[in-house]
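User: Could you walk me through how to read helix packing in a model like this one? I would like the general idea and then the case at hand.

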Amino acid sequence: MAEHLRGVAATLPQRPAALVVMSGHWETDRVTVTTGTHPQLIYDYYGFPAHTYELQYPAPGSPKLAEYIQKLLAKAGIASGGDAYRGFDHGVFIPLMLAFEKADIPVVEISLPLNATAEDVMEIGRALAPLRDENVLLVGAGMTYHNLRRFLRPDAEADQQSRHFDDWLYRSVSEEPDQRSSRLARWAEAPFAQDCHPKAEHLLPLMFVAGAAGTDPGVRDYSDTVMGKALSGFRFG
């Protein structure tokens with residue numbers, strides 16, 4: 001996974017002007033964006049080695065981009081707000097430390113609305129699709145398997161369930177755009193969906209980028225087995 005993330009920048013057509021990241025680790029009542037100039041890091045994990053609480057990722061924020069995001073959301077009829085004090089959670093800074101290690105590209109984090117459906121999150125992506133024309137890279141940071149109770153121990157049944165769900169997700173993302181959206185909106189009906197995602201917050205960032213993709217095809221650019229569980233990464237455009 002680390003190797004894949006380190007290679008992401010080289011696969012892009014050009015260096016992004018900014019990064020907009022939706023993480024499964026920030027849920028709010030309504031869509032909220034970071035508006036600070038220099039967001040700090042939030043070490044929102046427990047029981048890890050001491051050095052993991054000393055990691056740094058001093059990427060700048062972008063109040064101007066955050067304001068534009070809120071205007072795009074308002075145009076689409078989506079209520080939003082800004083947070084000048086919110087820092088970057090580990091769903092943002094851990095992958096970005098690998099993918100864009102110099103921390104010299106502005107980053108704005110966008111929250112996941114509580115109780116949002118997959119369709120709701122795709123609508124957020126559709127609203128922010130114009131950012132892609134401004135050379136802004138939209139990132140959905142989560143996991144395609146996130147049942148931690150079963151992930152962190154040997155569990156042959158959970159391993160098999162993850163493979164079935166991962167196959168369904170791959171086929172769905174690979175569909176034509178209209179069919180892709182329809183299938184992703186009904187992700188909870190997929191094989192073993194609830195077993196792989198007792199809560200949806202780590203899967204829904206995928207819906208954000210899928211919504212922003214428009215008619216661009218979706219492809220799987222990362223596939224691996226971690227602790228027996230199938231994991232995938234996808235990109236659009």
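Analyst: Happy to! Helices (H or I, at least four residues) and strands (E, at least two) are DSSP runs, numbered from the N terminus. This chain has nine helices and seven strands. The model is predicted, so local features need pLDDT of at least 70 and side-chain atom pairs count only at pLDDT 80 or more, while totals for chains, interfaces and linings use all residues. Residues are numbered from 1 along each chain as its sequence is written, and side-chain values use heavy atoms, with hydrogens and water left out.

User: What describes two packed helices?

Analyst: Two packed helices are described by the angle between their axes and the distance between the axes. Axes are lines fitted to C-alpha atoms, for helices over the stretch in contact, and angles run from 0 to 180 degrees between N-to-C directions. Here, helix H4 (residues 118-128) and helix H9 (residues 204-212) have axes that come within 6 Å and cross at roughly 40 degrees.

User: Which residues in H4 and H9 meet?

Analyst: Contact means heavy atoms within 4.5 Å. From H4, Ala118, Val121, Met122, Ile124, Gly125, Arg126 and Leu128 meet Leu204, Met207, Phe208, Gly211 and Ala212 of H9.

User: And how much of the chain is buried or long-range in its contacts?

Analyst: Buried means under 20% relative accessible area, with a 1.4 Å probe and protein chains only; 48% of the 237 residues are buried. Among contacts between residues at least 6 apart in sequence, 77% join residues at least 24 apart. The C-alpha trace spans about 45 × 45 × 35 Å along its principal axes.

Definitions and conventions: Buried means under 20% relative accessible area, exposed over 50%, partly exposed in between (1.4 Å probe, protein chains only).
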